[in-house]
Amino acid sequence: MLGEWWGGMGCLAALGVSARWNWWRFPAGGLPVLMYHKVGVPPEGSRLKKLWVSVSEFRWQLGYLKRRGYAPITLRQVADKMKEGISLPPNGVVITFDDGYRNNFENALPVLQEFGFPATIFIVVNAVGRDNFWHDPATETRLPMLGWKEIVSLQEAGWDIGSHTLSHPRLTRLSLDEAKKEIVESRRILGEKLGLPPVSFAHPYGDGADHPDIRRLIQEAGYLTACSVHRGKANVSQTPFCLKR
């Protein structure tokens, strides 16, 4: 399962994070799509520490990709290559962030710029300029989210902006009309705010990624790819609306 990815496994063990981070665990074949949420130090009382990566750990991981010759691309670039019938680079990798936390701008962006790497970030539209209202405060402290100005700055820095719905619901718990609103309206608003509608979508909690009606709604809305939380490498040509990460 590790393939060629992890000749330096002992290094991560030395850092004390080998048990927590699964970003590198991929089977052979396909496109590696890495999933991150929050970059920094978890707040006191957080029970969702597995969704955090420290700045030093993040820098080490990007350095590993650089040393191994991987070339990060965005999901928009992947979609463009799909449309043009161009093969993906054999050393390609996609770096993604879910939700749209301000710490992605403050902590992740500078490190990515050090390496010259772009990323794809999935925005919860109704959380822009607010906080992570969908989390139970008993398990995760309220955290500041990106504002529109910061999102525009990320776009100008070469990041691809995708949708993570309007309000971060479990899509299969909604009616299809409600799910459609989350999928369609989030894309419309992002397009209006950024001048470029998103081509990528990420399922909150991974919910609905295996649901044919949800996939159909995503495709009909105009997205070209959608990310699940299934582990493994993404098969872009066969399952573009259920990409593994």
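Where does histidine 168 lie in this predicted model? Histidine 168 lies in the loop between β7 and α6, and the close-up views below take up that site together with helix α5 and tyrosine 205.

**View 1. The buried side of helix α5.** In α5, which spans residues 148–156, the residues Glu150, Ile151 and Leu154 are buried. These residues sit on the same side of α5, because they cover an arc of only 100° around the axis. The elements that cover the buried residues of α5 include the helices α4 (102–115) and α6 (176–194) as well as β6 (120–123) and β7 (160–163).

**View 2. The opposite face of helix α5 and the residue that follows.** Lys149 and Glu156 are exposed, and they are carried on the face of α5 that is turned away from its buried side. Glycine 158, found just after α5, takes a positive phi of about 100°.

**View 3. Histidine 168 in the loop between β7 and α6.** Although histidine 168 is not a glycine, this residue has a positive phi of about 60°. Histidine 168 is classed as buried because its relative accessible area is 6%, and the cut-off for that class is under 20%.

**View 4. Tyrosine 205 in the loop between β8 and α7.** The loop that holds tyrosine 205 runs between β8 (200–202) and α7 (212–221). The phi of tyrosine 205 is near 65°, which is a positive value in a residue other than glycine. With a relative accessible area of 37%, tyrosine 205 is partly exposed.

Note on methods:
Residues numbered from 1 in each chain as written. Predicted model: local features only at pLDDT ≥ 70, side-chain atom pairs only at ≥ 80, totals over all residues. Heavy atoms only, no water. Buried < 20%, exposed > 50% of the residue type's maximum accessible area, 1.4 Å probe, protein only. Helix = DSSP H or I, 4+ residues; strand = E, 2+ residues; numbered from the N terminus. Arc of directions from axis to C-beta. Contact = heavy atoms within 4.5 Å.
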